[in-house]
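I sat down with this model today and jotted notes as I went. Here they are, in the order I looked things up.

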Amino acid sequence: MAAAVALGAEAIQIGTRFVACAESPVHTHYKQAIVDAQATGTLMLNTKSTPCIRALKTDFSRALHEAGVMGPETFQDIQDVYFGGNINAAPALAGQSAGLIHEVHSASQIVQVTVAHFHAITVRLGAMAAGANFS
Ligand SMILES: Cc1cc2nc3c(=O)[nH]c(=O)nc-3n(C[C@H](O)[C@H](O)[C@H](O)COP(=O)(O)O)c2cc1C
């Protein structure tokens with residue numbers, strides 16, 4: 001959040017972390033796959049077409065990644081990823097932020113910790129600005 005705001009953003013969108021939050025209705029296998037993923041644990045799919053999407057590295061997504069394109073049937077079994085716990089039924093969508101997610105937390109904890117870290121970083125950066133002396 002601090003990095004995005006430093007680059008000029010006025011808000012941030014958080015997706016993957018909330019998919020893996022305690023209140024999220026998705027299957028524990030999907031949440032655990034996000035928790036287990038490293039920063040390199042996702043793949044860009046459909047790169048030879050549009051839209052590009054990012055998904056967890058699985059046997060299913062590796063095959064799509066190799067192909068570089070995906071057909072209209074790609075998401076037909078997505079409900080089985082979300083609610084059946086079969087992360088090879090369709091692309092299990094996730095961002096590279098999966099590599100920063102190490103535990104399942106409640107939505108309120110995620111918001112509180114994100115905002116607290118944002119304030120800690122901006123206070124530190126603000127102190128740098130206040131202490132600047134270019135004279
Ligand atoms: C389950 C899931 C579904 C998503 N669906 C869409 C979508 O329909 N359209 C889109 O542009 N991005 C979609 N995204 C990508 C989000 O825009 C992306 O997650 C967002 O930029 C936040 O990044 P983060 O997931 O790393 O927090 C989806 C992401 C997830 C995890």
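**Entry 1: the pocket.** I began with the largest pocket, which is lined by 22 residues. Nearest its centre I found Met1, Ile14, Arg17, Leu100 and Thr114. Three elements each give two or more residues to this lining: α1 (2–6), α2 (16–19) and α6 (107–130). The top contributor is α6, with 7 residues. I noted a volume of about 560 Å³ for this pocket. Sorted by class, the lining has 12 nonpolar, 9 polar and 1 charged residues. A reminder to myself: this is a predicted model, and every value here is computed from it.

**Entry 2: the main core.** Next I asked which residues have the most contacts inside the largest nonpolar core. They are Tyr30, Ile34, Leu56, Val81, Ala92 and Ala98, in a core of 16 residues. The elements giving two or more residues to this core are α3 (28–36) and α5 (78–82), and α3 gives the most, with 4 residues. As background, nonpolar side chains in soluble globular proteins tend to be buried together.

I then picked Val81 and listed its contacts, leaving aside neighbours within four places in sequence. The list reads His27, Tyr30, Asn86, Ile87, Ala89, Ala90 and Ala92. I also found a second, separate core of 5 residues, among them Leu43, Leu45, Ala55 and Leu64.

**Entry 3: helix α3.** Which residues of α3 are buried? I wrote down Tyr30, Lys31, Ala33, Ile34 and Val35. These buried residues pack against α2, β2 (53–56) and α5. Lys31 caught my eye, as a lysine listed among the buried residues of α3.

Thr28 is found in α3 too. Is Thr28 buried or exposed? Its relative accessible area is 55%, so I put Thr28 down as exposed, the cut-off being over 50%. I also checked the separation of Thr28 and Gly68: they are 40 residues apart in sequence and 29 Å apart in space, C-alpha to C-alpha.

**Entry 4: cysteines.** How many disulfides does a search of the whole structure find? The count came back as 0. I looked at two cysteines anyway. Cys21 has 5% relative accessibility and therefore counts as buried, as the limit is under 20%. Cys52 is partly exposed, with a relative accessible area of 40%.

**Entry 5: the loop between β1 and β2.** I went looking for backbone oddities here. Most residues other than glycine have a negative phi, and most peptide bonds are trans. Asn46 lies in the loop between β1 and β2 and has a positive phi of about 65°, although it is not a glycine. At 3% relative accessibility, Asn46 counts as buried.

Pro51 is found in the loop between β1 (42–45) and β2 as well. The peptide bond from Thr50 to Pro51 is cis, with omega near 0°. I marked both spots for another look on screen.

**Entry 6: back to α6.** I closed with Gln112, which is found in helix α6. Gln112 has a relative accessible area of 55%, so I logged this residue as exposed. Where does Gln112 sit relative to Glu10? The two are 102 residues apart in sequence and 18 Å apart in space, C-alpha to C-alpha. That brought me back to the helix that gives the most to the pocket lining.

Note on methods:
Residues are numbered from 1 along each chain as its sequence is written. This is a predicted model: local features need pLDDT of at least 70, side-chain atom pairs count only at pLDDT 80 or more; totals for chains, interfaces and linings use all residues. Side-chain values use heavy atoms; hydrogens and water are left out. On a 1 Å grid over the protein atoms alone, a cavity is a set of points where a 1.4 Å probe fits but cannot get out, and a pocket is an open set with protein on both sides within 12 Å along at least five of seven lines; lining residues have an atom within 4 Å of a point. Grid points are joined across faces, edges and corners, and a volume is the space filled by probe spheres set on the points. Ala, Val, Leu, Ile, Met, Phe, Trp, Tyr, Cys and Pro count as nonpolar, Asp, Glu, Lys and Arg as charged, and the others, Gly among them, as polar. A nonpolar core is a set of buried Ala, Val, Leu, Ile, Met, Phe, Trp, Tyr and Cys residues joined through side-chain atoms within 4.5 Å. Buried means under 20% relative accessible area, exposed over 50%, partly exposed in between (1.4 Å probe, protein chains only). Contact means heavy atoms within 4.5 Å. A disulfide is a pair of cysteine sulfur atoms within 2.5 Å.
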